[in-house]
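Hi,

Here is the model I promised to pass on to you. Could you open it alongside this message and follow along?

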Amino acid sequence: MRRELLGVTGTEPIGTYTLLRLERGGLEPGVPGQFFMLEAPGRLLPRPMSLCQAPPGELAFLIDPIGPGTRALCALEAGAAIHVLGPLGNGYDLSVQRPLLVAGGIGIAPMPYLSERLGSPPALVGFRTEAHADAARLLLPQAEIAVDPQLVTHLLPEDPGDVLACGPEPMLEAVRDRVPTAQLAWEAPMACGYGACFGCVVEIDERYTRLCIEGPVL
Ligand code: FES
């Protein structure tokens with residue numbers, strides 16, 4: 001992992017989300033599911049973001065502008081620069097035979113890069129509105145889409161194969177109930193990203209875990 005000041009090459013609206021594109025600098029894109037800490041201008045704490053796309057010379061992050069930090073990141077303009085640390089944590093194990101990508105909401109963020117690395121496998125994505133679902137139409141065109149009240153787990157086939165999932169906790173737990181072997185990318189607030197602050201401790205299977213070190217994919 002490295003920390004570098006990266007130039008902003010631009011932002012694009014993707015449905016209700018924003019794709020923030022940065023110059024790659026000397027940072028490696030890492031394994032899909034790993035994350036980067038992005039330092040928003042004027043904000044004390046960096047925000048953990050998984051990589052969405054890795055076009056040549058760039059790193060692109062899909063951001064849901066839900067708070068002051070994420071809104072500040074979405075408001076960046078080409079020519080600005082921010083500090084980025086990464087890649088961090090553990091990503092998905094890509095040695096799978098029959099991958100099926102499963103995501104909910106902003107959990108779609110790591111899926112385009114994961115899809116690229118796995119050769120565009122089938123994907124299922126759930127959103128709470130049609131406007132949010134535009135993200136899948138633009139970034140993961142092979143995906144089958146569920147919109148609330150339909151749940152993405154309703155789309156899981158009888159024999160789902162090797163599931164790689166990212167999304168809100170209730171969705172991940174529902175996926176795990178159906179597919180105990182699924183690889184799941186969990187979310188937690190993170191202040192440091194490298195094991196120092198204990199802000200990301202979660203209880204999973206009656207065990208306390210620092211998600212930034214042991215996860216986010218468990
Ligand atoms: Fe600081 Fe995990 S984010 S210990």
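Below is what I found, starting with a word on the model itself.

This is a predicted model, in which local features need pLDDT of at least 70, side-chain atom pairs count only at pLDDT 80 or more, and totals for chains, interfaces and linings use all residues. Residues are numbered from 1 along each chain as its sequence is written.

The domain assignment, which is automatic or from a database, splits the protein chain into domain 1 (2-88) and domain 2 (99-185). Their centres, taken over C-alpha atoms, are separated by 22 Å. Domain 1 brings 13 residues to the contact and domain 2 brings 16; residues count as in contact if their C-beta atoms, placed from the backbone, lie within 7 Å.

Next, the sheet. Strands are DSSP runs of E with at least two residues, helices are runs of H or I with at least four, and both are numbered from the N terminus. Five strands form an open sheet in the order S9-S8-S7-S10-S11, with parallel pairing; a pair needs at least two DSSP bridges. S9 (144-147) and S11 (183-185) are the edge strands, each with a single partner, so one side of each has no neighbour in the sheet. On average, neighbouring strands here are turned by 15° against each other, direction ignored. S7 (residues 99-104) and S10 (residues 162-166) run parallel and are joined by 5 bridges, and Val102 stands opposite Ala165 in S10.

Two helices lie across these strands. H2 (residues 111-118) crosses S7, S8 (123-127) and S10, at about 175° to S7, while H3 (residues 130-139) lies across S8 and S9, at about 165° to S9. The angles are between N-to-C directions of lines fitted to C-alpha atoms, for helices over the stretch in contact, and run from 0 to 180 degrees.

The largest nonpolar core (buried Ala, Val, Leu, Ile, Met, Phe, Trp, Tyr and Cys joined through C-beta atoms within 7 Å) has 65 residues, and Phe61, Leu62, Ile108, Val125 and Ala165 have the most contacts inside it. Both domains give residues to this core, so it lies between them. Beyond four places in sequence, the contacts of Leu62 include Ile14, Cys52, Ile108 and Ala135.

Finally, have a look at Pro32, in the loop between S2 (17-23) and S3 (35-38). Pro32 is buried, with 27 other C-beta atoms within 10 Å; the cut-offs are 20 or more for buried, 12 or fewer for exposed and partly exposed in between, with C-beta atoms placed from the backbone. Pro32 and Ser115 are 83 residues apart in sequence, yet 9.0 Å apart in space, C-alpha to C-alpha.

Best wishes
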